[in-house]
Amino acid sequence: MSRFSKLFTAVAAAATLACATVAPAHAADSTDANSNSISVFYYSLNDLFINQLSAALQDRALANGIKLRQYDADDDLMRQVTQIQSALVINKDGAPIIVNPVDTQNGIAALRAARQSDVPIIFFNRMPSEEALASYEDAWYVGSNPANSGYYQAEIVQSYFEAHPEADRNKDGVISYVMLKGEPSHQDSRIRSNTFVRTMLENGIKIKPIASISANWSQTRAQNEISALADRDQLKQVELIVCNNDAMALGAINALQAEGYNIPNTPAGDHSKYIPVVGIDALPQALDAVERGTMIGTVLNDYTAVADVMMRITEAYLNGEQITDDLIGYQSRNHIVDVPYVKVTNENISEVR
Ligand code: GAL
């Protein structure tokens with residue numbers, strides 16, 4: 001039981017919930033020690049998905065009268081360590097902190113610091129080890145099982161090639177693909193990629209890698225990588241581009257379009273200048289791409305639900321309530337909350353919008 005929960009009084013709760021402003025990113029520089037605020041630490045707000053999640057969190061906090069102090073580490077490990085340490089010093093009443101670690105390992109340092117300050121800690125997006133989470137009773141992780149997103153990508157690709165056998169342009173019965181991966185150390189890159197490949201093989205679909213490239217979740221890097229393939233005249237061989245996230249899928253599509261491929265609403269059935277692209281996240285821009293047919297599908301990485309669950313847990317701590325799966329709204333195991341992914345194609349896109 002955290003210090004905040006123990007000391008909780010109705011007066012404190014009323015004061016905590018009365019405040020409804022949102023602090024700007026880089027708030028670490030601020031010396032305004034406001035005990036009514038919740039601190040949120042992002043690995044990088046330049047990441048399109050993280051940015052979307054931050055917007056969802058702000059909306060959710062505002063709606064419930066919670067003030068957010070948001071810290072952007074700009075992908076700098078030391079900056080995040082300093083931000084968390086400074087925020088813990090001014091966190092007088094032990095309100096929970098929400099952390100998206102710069103590095104999956106770094107989460108452990110954040111957890112230790114929070115435990116020492118008797119402050120609950122809610123992780124998202126990069127999961128510390130289960131052992132680390134289990135070492136502190138007020139530590140949580142809210143996220144999704146990465147294997148399921150790789151699995152859904154395989155399903156999207158399989159259905160697409162069944163409906164469009166002409167997408168196998170050289171008609172050799174093998175899908176020649178390029179894989180664009182996220183950061184090598186991230187659980188989502190490794191597990192999404194491996195599950196995609198394993199599922200295709202298990203389903204008896206022949207696949208052949210043309211290239212497997214880490215573009216670090218970045219749209220620009222993905223665009224450069226696919227442009228480089230085009231420069232080497234390799235696009236002709238590529239029959240599929242599988243991306244660990246939508247930002248990279250959008251970058252790939254930009255590069256393809258510069259070469260005259262994947263022009264919106266091209267006639268179905270003509271694959272001479274079309275390479276199927278699949279992503280993960282369901283960013284609004286990717287949903288547009290699916291609707292325009294420049295992308296065959298994506299997987300909803302449910303940032304609105306993740307934001308909602310993290311605020312539910314935060315509020316439960318603030319109110320001294322017990323945290324149950326009913327309260328969370330999703331299943332949890334050992335303080336790991338699983339928010340399901342959702343497969344998205346043109347068939348169900350309106351349900352996801
Ligand atoms: C993944 C997400 C990526 C990227 C990454 C950052 O879950 O799909 O787009 O944001 O997290 O850690």
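Let's start with one pair: the side chains of glutamate 183 and tryptophan 217 are joined by a polar contact of 3.0 Å. By polar contact I mean a pair of N or O atoms within 3.5 Å; within protein, one must be able to donate a hydrogen and the other to accept it, and residues adjacent in sequence count only if both atoms are side-chain atoms.

Some ground rules. This is a predicted model, where local features need pLDDT of at least 70, side-chain atom pairs count only at pLDDT 80 or more, and totals for chains, interfaces and linings use all residues. Residues are numbered from 1 along each chain as its sequence is written, and side-chain values use heavy atoms, with hydrogens and water left out.

Back to the pair. Glutamate 183 sits in the loop between strand 6 (175–181) and helix 8 (187–202). Helices (H or I, at least four residues) and strands (E, at least two) are DSSP runs, numbered from the N terminus. Is glutamate 183 buried or exposed? It counts as buried, because its relative accessibility is 13%. The cut-offs: buried is under 20% relative accessible area, exposed is over 50%, and partly exposed is in between, with a 1.4 Å probe and protein chains only.

What does glutamate 183 touch, not counting residues up to four places away in sequence? Val102, Arg126, Ser189, Ser214, Asn216 and Trp217. Contact here means heavy atoms within 4.5 Å.

Now the partner. Tryptophan 217 lies in the loop between strand 7 (207–214) and helix 9 (219–231). Tryptophan 217 is buried too, at 9% relative accessible area. Its phi is near 70°, a positive value in a residue other than glycine.

On to the ligand. Tryptophan 217 is among the residues around it. The others are Tyr43, Asp47, Phe49, Asn125, Arg126, His186, Asp188, Arg192, Asn245, Asp281 and Asn301. To be near the ligand, a residue needs one heavy atom within 4 Å of it. By type, the shell holds three nonpolar, four polar and five charged residues. In that split, Ala, Val, Leu, Ile, Met, Phe, Trp, Tyr, Cys and Pro count as nonpolar, Asp, Glu, Lys and Arg as charged, and the others, Gly among them, as polar.

Which asparagines have a side chain polar atom beside a ligand oxygen? Asparagine 125 has one 2.6 Å from an oxygen atom of the ligand. For asparagine 245, a side-chain N or O atom is 2.8 Å from a ligand oxygen. For asparagine 301, the distance is 3.3 Å. Taken alone, the ligand exposes 310 Å², and the protein buries 99% of that. Those areas come from the Shrake-Rupley method with a 1.4 Å probe; for residues, only the protein chains shown count as cover.

Look behind asparagine 125. Its side chain makes a polar contact of 3.2 Å with the side chain of asparagine 100. Asparagine 100 is in the loop between strand 3 (97–99) and helix 5 (106–116). At 0% relative accessibility, asparagine 100 counts as buried. Beyond its neighbours within four places in sequence, its contacts include Tyr43, Asn125 and Arg126.

Next, asparagine 245. This residue caps the N-terminal end of helix 10, with a side-chain oxygen 3.0 Å from the backbone nitrogen of methionine 248. Helix 10 covers residues 246–258, 13 residues in total. From first C-alpha to last, helix 10 reaches 18 Å, close to the 18 Å expected at 1.5 Å a residue. That expected span is 1.5 Å times one less than the number of residues. Why is helix 10 called largely enclosed by the rest of the structure? Because 10 of its 13 residues are buried. Among them are Asp246, Met248, Leu250 and Ile253.

Just after helix 10, glycine 260 takes a positive phi of about 85°. Asparagine 262 follows in the loop between helix 10 and strand 9 (277–278). Its phi is near 50°, positive in a residue other than glycine. Asparagine 262 is buried, at 0% relative accessible area.

Last, the whole chain. The secondary structure comes to 14 helices and 13 strands. Of the 353 residues, 53% count as buried. Among contacts with a separation of 6 or more, residues 24 or more positions apart account for 74%. The accessible surface is about 14700 Å², and 49% of it belongs to carbon and sulfur atoms.
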